[in-house]
Amino acid sequence: MDGEKTQVKISNEFKIQFLNKILSDTSHLKIITSKEQLISNHTLMPPFSPYPYPREISHIEYISKVLEIDTSFVRQQMVDNKQLDLKKLSTYGFNIFDLKAEIKNQTPFDQIWEKVDSINVGTDNYSLLEITKPIFNKEKNLVYIRLKQGSGGETLILEKVDGEWKKKKQLDSWVE
């Protein structure tokens, strides 16, 4: 198996730099309009439903298929991602909302959203961006990521082309 031949490690610093790059891109990807926008350090999104694959397929198997990598590489990144602290995006000037602490403190969800709304008063922002921690292929030129903002979201495969990240494929989108 090729995963046994070469041990590929994707550092948390690489992932933070990647997130900085895609979130800072306001001309192509346009994930956010400015660094003022609130970004959650935690996501409440459930795993993607792997349509058109059979419902019996796991989230890890689905990511493995769409990125064409072995499941052990996906699984290892998911384990490593538990140590990835999205609050580090604040060093790049992003406005991070500590949703993880709110949940740990058992803050009722209506109060969490009231806090988000009060922070957004007087800005062009209306919500909180939830972003999953990225899963890369071994060449680090494809990445699986999910985004949720307001009542909608999307699952994307981004591809690095000539040093820039571009949407290769939108796997799904939804509105709640």
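# Close-up views of a predicted model

**Figure 1. The whole chain.** The protein chain holds 6 helices and 7 strands. The model shown here is predicted. From start to end, the elements run in the order α-α-β-α-α-β-α-α-β-β-β-β-β. The radius of gyration is 17 Å, and the globule rule gives 16 Å for 176 residues, so the chain is as compact as a globular protein of that length. Along its principal axes, the C-alpha atoms fill a box of roughly 55 × 35 × 25 Å. Of the 176 residues, 43% are buried. Take the contacts with a separation of 6 or more: 58% of them join residues 24 or more positions apart.

**Figure 2. The largest nonpolar core.** This core has 37 residues. Which residues have the most contacts inside it? They are Phe 18, Leu 19, Ile 22, Leu 23, Ile 131, Tyr 144 and Leu 158. Helices and strands both feed the core. Helix H2 (12-24), helix H3 (59-67) and helix H4 (71-81) each give two or more residues. So much for the helices; strand E3 (128-131), strand E4 (135-136), strand E5 (142-149), strand E6 (152-161) and strand E7 (164-175) also give two or more residues each. In soluble globular proteins, nonpolar side chains tend to be buried together.

**Figure 3. The second core.** A separate core has 6 residues. Among them are Leu 38, Phe 97, Leu 99 and Ile 112.

**Figure 4. Tyr 144 and its contacts.** Tyr 144 is one of the residues with the most contacts inside the largest core. What does Tyr 144 touch, leaving out residues up to four places away in sequence? Its partners include His 59, Tyr 62, Ile 63, Val 66 and Leu 67. Tyr 144 also touches Phe 48, Pro 134 and Ile 135. Further along the chain, Thr 155, Leu 156, Ile 157 and Leu 171 are in contact with Tyr 144.

**Figure 5. Helix H3 and its cover.** Five residues to find in H3 are Ile 60, Tyr 62, Ile 63, Ser 64 and Leu 67, which are buried. Which elements cover them? The cover includes H4, E4, E5, E6 and E7. An α-helix has 3.6 residues a turn, so residues three or four places apart point the same way. Look just past the end of H3 as well. There, Glu 68 takes a positive phi of about 55°.

**Figure 6. The largest pocket.** The largest pocket holds about 430 Å³ of space. It is lined by 19 residues. Closest to the centre of the pocket are Thr 43, Met 78, Asn 81, Thr 132 and Lys 133. H3, H4 and E5 each supply at least two residues of the lining. What classes of residue make up the lining? It has 9 nonpolar, 6 polar and 4 charged residues.

**Figure 7. Ile 39, buried in a strand.** Ile 39 sits in strand E1 (residues 38-40). Is Ile 39 buried or exposed? Its relative accessible area is 0%, so Ile 39 is buried. Beyond residues up to four places away in sequence, Ile 39 touches Leu 23 and Ile 32. Ile 39 also touches Phe 94, Asn 95, Ile 96 and Phe 97. Leu 128, Leu 129 and Ile 131 are on its contact list too. Now find Gln 149. It lies 110 residues from Ile 39 in sequence, but 9.3 Å away in space, C-alpha to C-alpha.

**Figure 8. His 42, partly exposed in a loop.** His 42 belongs to the loop between E1 and H3. With a relative accessible area of 27%, His 42 is partly exposed, because this value falls between the 20% limit for buried and the 50% limit for exposed. Setting aside neighbours within four places in sequence, His 42 is in contact with Leu 99, Lys 100, Ile 103 and Glu 130. His 42 and Ile 10 are 32 residues apart in sequence. In space, these two are 20 Å apart, C-alpha to C-alpha.

**Figure 9. Two loop residues with positive phi.** Gln 106 is not a glycine, yet its phi is positive, at about 60°. Where is Gln 106? It lies in the loop between helix H5 (99-104) and helix H6 (109-120). Gln 106 has 69% relative accessibility, so it counts as exposed. Asp 162 also has a positive phi, near 50°. This residue is in the loop between E6 and E7. At 78% relative accessibility, Asp 162 counts as exposed.

Key
Residues are numbered from 1 along each chain as its sequence is written. This is a predicted model: local features need pLDDT of at least 70, side-chain atom pairs count only at pLDDT 80 or more; totals for chains, interfaces and linings use all residues. Side-chain values use heavy atoms; hydrogens and water are left out. A nonpolar core is a set of buried Ala, Val, Leu, Ile, Met, Phe, Trp, Tyr and Cys residues joined through side-chain atoms within 4.5 Å. Buried means under 20% relative accessible area, exposed over 50%, partly exposed in between (1.4 Å probe, protein chains only). Helices (H or I, at least four residues) and strands (E, at least two) are DSSP runs, numbered from the N terminus. Contact means heavy atoms within 4.5 Å. On a 1 Å grid over the protein atoms alone, a cavity is a set of points where a 1.4 Å probe fits but cannot get out, and a pocket is an open set with protein on both sides within 12 Å along at least five of seven lines; lining residues have an atom within 4 Å of a point. Grid points are joined across faces, edges and corners, and a volume is the space filled by probe spheres set on the points. Ala, Val, Leu, Ile, Met, Phe, Trp, Tyr, Cys and Pro count as nonpolar, Asp, Glu, Lys and Arg as charged, and the others, Gly among them, as polar. The radius of gyration is taken over C-alpha atoms; the globule rule is 2.2 Å times the number of residues to the power 0.38.
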